[in-house]
Amino acid sequence: MKRFFSILLTISLVLGLAGCYRTQPTEPTEDDTFVIGFSQVGSESDWRIANTKSMTETFDGDPDYEFIMENARQKQENQFASVRRFILDGVDLIIIAPTVEDGWLTVLTEIHDANIPVIIIDRSVAVWDENLYLANIGSDFMSQGQLAVQWLEKQTFGETETDETDPASTDSAETTVKILHLQGTIGATAQIKRTQALEEAVESHENWEITSQLYGDFTEAKAYEVMTEYLKENTDIDVLYSENDNMTFGAMRALDEAGITYGKDGQVKIITFDATKEALQYCLDGKIDLCVECNPMFGPQVKELIEKYRNGETIPKHVHVDESAYTADDLTQEFVDARPY
Ligand code: AHR
């Protein structure tokens, strides 16, 4: 099938006849294996590794599919190179987990012109023409951020501060909540939306303040590095809002080394995103206060969409996976032990 489409593609490129997506299921040929090219972001986090596993396990071992995954090592230009290879190989469908939202128009147009359907997973792409992809399946990152700030609204921080020399100030000066914000890869949907939810909440809460935004690139090593540096000069932190678990682990190590306590009985309340098994264990043990879930195990849902497409059925343009948020009160050891990622 792959070689067949490669020849077809070459002919259509030469004749300049490349056109719209196939809207009908692929015609069977002598080899009717359905070939998928998948450009994965990288292996920056435990979430990502679980997502790769979910995707590969879903398709590997199914004789109907050939699944080719390329790891972009968190670089968009690597994704462009992979996608162009997939086009030349004449794959039947391309899956892209985009590193960042911007910059996809040219390459998506190339895929479109090659008449290959595309499914965007996990994060999103910022292109106005939604016909350039078949579907986008992943998390509702805005809702995740909103779950986090809604939880934060319910927390109490110290005593109300009033200015005794100014009688008019009695009900105005609540304790300032100092929030340290660790950000993931700038321009990735997970970063954009989680940041937006926090910044909007800070706008509407006079006593919330983002003391600093540190760039952790969704990795433990980077977060540890920037946190270690930051804590040399700054220790006045009430909340750590960390945009993924691995950055949280790096930050916790830096806080430990700086002698700053955190979690249930500590100085810093920790909010983290992903809710991996390790983070949930920390939460159950009172070291992390809130784990907002980001579910990576949607390989089977992607396959379901593809099968519907192959059967000529209509598929939804946007699909969000089910997610929740956990404090220690919501967890049991059995639940944590059963966590698949
Ligand atoms: O896009 C999903 C995010 O990317 C996850 O929160 C993070 O862990 C991953 O690297």
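**Exercise 1. The chain as a whole**

Task: In this predicted model, find what the accessible surface of the chain comes to and what share of it belongs to carbon and sulfur atoms.

Solution:
- Start with the surface: the total is about 15,900 Å².
- Carbon and sulfur atoms hold 48% of that area.
- Now turn to the inside: of the 341 residues in the chain, 53% are buried.
- Add the secondary structure, which comes to eleven helices and twelve strands.
- Finish with the contacts: among those with a separation of 6 or more, 74% join residues 24 or more positions apart.

**Exercise 2. Helix α5**

Task: Compare the reach of helix α5 with the expected value, then list the buried residues of α5.

Solution:
- Helix α5 covers residues 141-153, which is 13 residues.
- The expected span at 1.5 Å a residue is 18 Å.
- From the first C-alpha to the last, α5 reaches 19 Å, close to that expectation.
- The buried residues of α5 are F141, M142, Q144, G145, A148, V149, W151 and L152.
- To read such a list, remember that an α-helix has 3.6 residues a turn, so residues three or four places apart point the same way.

**Exercise 3. A network of charges**

Task: Work out which residues are linked with E44 in a network of salt bridges, and whether E44 is buried or exposed.

Solution:
- Begin with E44 and R48: they form a salt bridge, and their closest N and O atoms are 2.9 Å apart.
- Next, E44 also meets the side chain of R123 in a salt bridge, at 3.6 Å from N to O.
- This second pair links distant parts of the chain, 79 residues apart: R123 lies in the loop between β4 (118-122) and β5 (135-138), and E44 in the loop between β1 (34-40) and α2 (46-59).
- Put the pieces together: the network links E44, R48, D122 and R123.
- Check burial against the cut-off of under 20% relative accessible area. E44 has 10% and is therefore buried.
- R48, at 1%, is buried, and R123, at 4%, is buried too.

**Exercise 4. A bridge across the sequence**

Task: Locate K303 and D62, and find how many residues apart they are.

Solution:
- First the bond itself: K303 and D62 form a salt bridge whose closest N and O atoms are 2.6 Å apart.
- K303 sits in helix α10 (residues 299-310), while D62 is in the loop between α2 and β2 (65-71).
- The two are 241 residues apart, and the pair links distant parts of the chain.
- Both K303 and D62 are buried.
- For the wider tally, the count of salt bridges comes to 13.

Terms used. Residues numbered from 1 in each chain as written. Predicted model: local features only at pLDDT ≥ 70, side-chain atom pairs only at ≥ 80, totals over all residues. Heavy atoms only, no water. Helix = DSSP H or I, 4+ residues; strand = E, 2+ residues; numbered from the N terminus. Expected span 1.5 Å × (residues − 1). Buried < 20%, exposed > 50% of the residue type's maximum accessible area, 1.4 Å probe, protein only. Salt bridge = Lys/Arg side-chain N within 4 Å of Asp/Glu carboxyl O. Contact = heavy atoms within 4.5 Å. Areas by Shrake-Rupley, 256 points an atom, 1.4 Å probe, with all protein chains shown as cover.
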